[in-house]
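Me: I'd like to go through this one with you, starting at the ligand and then moving to the core. Can you walk me through it?

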Amino acid sequence: MGFSTIAIHAGNEPDPSTGSVSVPIYQTSTYAQEGLGKHKGYEYARTQNPTRTALETNIAALEGAKFGFAYASGMSAIDASLKLVKSGDHVVLGNNTYGGTFRLFDRILSDYGIEFDLVDTTDVNNVEQAIRENTKMVFVETPTNPVMSLTDLEAVSSLAHAHGAIVVCDNTFMSPYLQQPLALGVDVVVHSTTKYLNGHSDSVGGFAATNDEQIAEWLGFVQNSIGAILSPFDSFMVLRGTKTLAVRMDRHNENGQAVAGFLAEHPKVSKVYYPGLVSHPQHELAKRQQRGFGGMVSFETGSLDSAKAVLENVRLFTLAESLGGVESLISHPASMTHASVPFETRQKLGITDGLVRVSVGIEDLEDLINDLDQALSR
Ligand SMILES: *Cc1c(COP(=O)(O)O)cnc(C)c1O
């Protein structure tokens, strides 16, 4: 079956008790048992909830995974995946991951004896050099935020596996419609469903999916033991969101490509970061590994003042963190999402004071381009 059919039907069975076509919000904490040890597969709502089960079935199917788990946030999904490593283990971590992921390693996991090295994973040789005797995991994000660097998932996976390590990929920026890491050899794919999967900027959630039975067993155990579960209401919201994932992503692709093209030609813009442009150093890899290039575009305006002028003069684009919703957002990575990254590291990564990031929504393209054009000409 095709992606859109799976998106609409997987997990979305009519409700067995009423026939309700949309999966109900099962707002309950517990379930009546018919007798001792006799129940319908649901005992307590931290462990299982039918709305959450429907969503888990749905997104797992979209990622081509046998198993999926929904968490309270992207960070709790990432945290659950990191419970696959233990004290004394070493992790190779992409040097440009989501700030919260870096913070989790730097401020929390390091106190629990988990060693890590920040590595530029755009070159698989760097990953190879960083692998140690005790390396148990390679954690990557591709494309990265905000400079859209790619990691070759197939190459990194075969390398990691040869050294007995597993690979976790944060697929938030692409969504399963544009990139399916498990098919490329990755062991665990994680998401912030807050972004494209929910797609409407009105829910916070996370997801982890895998085809490995042992990994799945542990992820489920962690989900139940720690309890960072997605609520029935948010499960309903995300389930509603994924039904339109394919059509939304097609429009994000179209608008993203056109906005990137417009910016690349604009005299006030010196550089555009978008994997769909032939000028992107990893354009060929993007074509091979992704089904499209997405809606995230970053561009260099040259200075903090120029960036400020754009951010303060846009009318349609909303100044806000986050991404992946139907509405277009604009942000300033250096002072917003990456403010906690030291200045030198920011420079090295290309996160200058003049860099602006847009999450291109699914509005009419002409309106988006007109808005950026008038803001850039101030
Ligand atoms: C937002 C985001 C996260 C964190 O997700 P939350 O839902 O905010 O906890 C992780 N990774 C990436 C790439 C993100 O964009």
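**Ligand shell and core**

Me: Which helix gives the largest share of the shell around the ligand?
Reply: Keep in mind that this is a predicted model. The shell holds 15 residues, with Gly 74 and Asp 170 among the closest. Three residues of that shell come from one helix, and this is the largest share: helix 3 (residues 74–82).

Me: How many residues of that shell are charged?
Reply: Sort the shell by residue type. Six residues are nonpolar and six are polar. That leaves the charged group, which numbers three.

Me: Which residue has a side chain N or O atom 2.7 Å from an oxygen atom of the ligand?
Reply: Start with the backbone contacts: Gly 74 places a backbone N or O atom 2.9 Å from a ligand oxygen, and Met 75 has a backbone N or O atom at 2.9 Å from a ligand oxygen too. The 2.7 Å contact uses a side chain instead, and that side chain belongs to Thr 194.

Me: What percentage of the ligand's exposed area does the protein bury?
Reply: Take the ligand alone to begin with: it exposes 380 Å². Put the protein back, and the share of that area it buries is 92%.

Me: Now the largest nonpolar core: which helix gives the most to it?
Reply: This core has 51 residues, and Leu 55, Val 92 and Tyr 177 are among those touching the most other members. It draws at least three residues from each of domain 1 (3–242) and domain 2 (246–376). The top helix contributes five residues, and that is helix 2 (residues 50–62).

Note on methods. Residues are numbered from 1 along each chain as its sequence is written. This is a predicted model: local features need pLDDT of at least 70, side-chain atom pairs count only at pLDDT 80 or more; totals for chains, interfaces and linings use all residues. Side-chain values use heavy atoms; hydrogens and water are left out. A residue is near a molecule or strand if one of its heavy atoms lies within 4 Å of it. A polar contact is a pair of N or O atoms within 3.5 Å; within protein, one must be able to donate a hydrogen and the other to accept it, and residues adjacent in sequence count only if both atoms are side-chain atoms. Accessible areas come from the Shrake-Rupley method with a 1.4 Å probe; for residues, only the protein chains shown count as cover. Helices (H or I, at least four residues) and strands (E, at least two) are DSSP runs, numbered from the N terminus. Ala, Val, Leu, Ile, Met, Phe, Trp, Tyr, Cys and Pro count as nonpolar, Asp, Glu, Lys and Arg as charged, and the others, Gly among them, as polar. A nonpolar core is a set of buried Ala, Val, Leu, Ile, Met, Phe, Trp, Tyr and Cys residues joined through side-chain atoms within 4.5 Å. Buried means under 20% relative accessible area, exposed over 50%, partly exposed in between (1.4 Å probe, protein chains only). Domain bounds come from an automatic or database domain assignment.
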